[in-house]
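Here is a short tour of a ligand site and the open space elsewhere in a protein model. Have your viewer ready and follow along.

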Amino acid sequence: MTKHIPVLLQDVLIELGDIRSRTIVDCTFGAGGYSRAFLKSGANVIAFDRDTNVIPDAEKLYQEYGDRFRFINRAFSELNQLSATDFDDIVFDLGISSMQIDNANRGFSFRFDGPLDMRMDNRIKINAADLIKNVTVDKLADILYLYGDIKKSRLLANILKEHLPITTFQLRDLIKNPKDIAPVFQALRIAVNDEMGQIESALNTVHDLLRSGGRCLCVTFHSLEDRIVKNIFNQWTNVGGDPRLPETEKPKYKMLKTVKPADSEIQNNPRARSAHLRGVAKL
Ligand SMILES: C[S@@+](CC[C@H](N)C(=O)[O-])C[C@H]1O[C@@H](n2cnc3c(N)ncnc32)[C@H](O)[C@@H]1O
């Protein structure tokens, strides 16, 4: 199976600085590329991933690093289960991993035939085929338009509702314009996993939990998630977050420079081409 190559990892390490003895929350464990690098640099790591398939990789790190590593097989929207004193920095490397996209049975890719599933976590109740079946034409058109920027979204929503695809190739073959195929798959994946809701609710928790001097870093892969992260970080750095707090008690943040992958990284790992690293430091 394809091994996931971590994206922008060196830049993440540079932004974090000296992490010896710090505790970092890696919200998106994946193949553990980030977690391993943090542990090697002397940090303690608490890692989240909602996908049960990553557990064997997490167990390997536990065997190597013992108590310095803890894995939580939950969605990162459950970050609020941690207590504020547990950690220093919080890192998100959003989207899906190479292992997920390249596994035909997961149904994420139009390059392989498989069940139209797309759930990152098998505890999610509705997969992509059921979503198409269960939602109204209007709701489906909204999903295609908002998350995939599909121009004739209502027309396509009607076609999908009429044919109810249950495999990736059935869905692919119903999409007339080849340029729409990747965005339609992306739109359904975002909806099935509530990706935008997950980011918003996690970042709202980060805002409450991040220690003074701590950093929150996010690697995003498409404009929608990047916009959410950018807007939330702008809010924090401009107004200090929670408008209910009196001015003197508002936490202050500094925006870190946005980083994009160098050409050499993109050549080595084409998945990196749309990545952006954004971050804030709590003062
Ligand atoms: C791009 S991969 C991370 C790769 C990782 N940084 C590495 O170096 O191996 C994203 C991972 O985040 C997980 N993920 C995405 N959304 C999540 C969420 N809301 N909660 C927990 N895990 C999530 C996915 O299951 C996937 O394994």
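The report below starts with the ligand, moves to the cavity, and ends with the largest pocket.

**The ligand and its shell**

Please keep in mind that this is a predicted model. A good place to begin is the ligand, which has 25 residues around it. Asp49, Phe76, Asp93, Gln100 and Gln198 are the closest of them. By character, the shell is made up of 10 nonpolar, nine polar and six charged residues.

Three polar contacts to nitrogen atoms of the ligand are worth bringing up on screen, and the table sets them side by side.

| Residue | Protein atom | Ligand atom | Distance |
|---|---|---|---|
| Arg50 | polar backbone atom | nitrogen | 3.1 Å |
| Phe76 | backbone N or O atom | nitrogen | 2.8 Å |
| Gln198 | polar side-chain atom | nitrogen | 2.8 Å |

The contact of Gln198 thus comes from its side chain, while Phe76 uses a backbone atom, and a backbone atom also serves for Arg50. How much of the ligand does the protein bury? On its own the ligand exposes 610 Å², and the protein buries 98% of this area.

**The cavity**

Where does the ligand sit with respect to the cavities? The space it takes is the largest cavity. The structure holds one cavity of 30 Å³ or more, and the volume of the largest cavity is about 360 Å³. Its lining counts 30 residues, with Thr28, Asp49, Asp93, Leu94 and Gly95 closest to the centre. Asp49 and Asp93 will be familiar, as they are also among the residues closest to the ligand.

Two elements, helix 2 (33–40) and helix 10 (195–209), give two or more residues each to this lining. Helix 10 contributes the most, with three residues. Sorted by character, the lining has 13 nonpolar, 10 polar and seven charged residues.

**The largest pocket**

Now turn to the open space. The largest pocket has a volume of about 990 Å³. It is lined by 33 residues, and those closest to its centre are Ile96, Ile101, Arg189, Arg271 and Arg273.

Which elements give two or more residues to the lining of this pocket? They are helix 4 (98–101), helix 6 (137–148), helix 9 (181–192) and helix 11 (223–239). Helix 9 provides the largest share, five residues. The lining of the pocket divides into 13 nonpolar, 11 polar and nine charged residues.

Methods:
Residues are numbered from 1 along each chain as its sequence is written. This is a predicted model: local features need pLDDT of at least 70, side-chain atom pairs count only at pLDDT 80 or more; totals for chains, interfaces and linings use all residues. Side-chain values use heavy atoms; hydrogens and water are left out. A residue is near a molecule or strand if one of its heavy atoms lies within 4 Å of it. A polar contact is a pair of N or O atoms within 3.5 Å; within protein, one must be able to donate a hydrogen and the other to accept it, and residues adjacent in sequence count only if both atoms are side-chain atoms. Accessible areas come from the Shrake-Rupley method with a 1.4 Å probe; for residues, only the protein chains shown count as cover. On a 1 Å grid over the protein atoms alone, a cavity is a set of points where a 1.4 Å probe fits but cannot get out, and a pocket is an open set with protein on both sides within 12 Å along at least five of seven lines; lining residues have an atom within 4 Å of a point. A molecule sits in a cavity or pocket if more than half of its atoms lie within 2 Å of its grid points. Ala, Val, Leu, Ile, Met, Phe, Trp, Tyr, Cys and Pro count as nonpolar, Asp, Glu, Lys and Arg as charged, and the others, Gly among them, as polar. Grid points are joined across faces, edges and corners, and a volume is the space filled by probe spheres set on the points. Helices (H or I, at least four residues) and strands (E, at least two) are DSSP runs, numbered from the N terminus.
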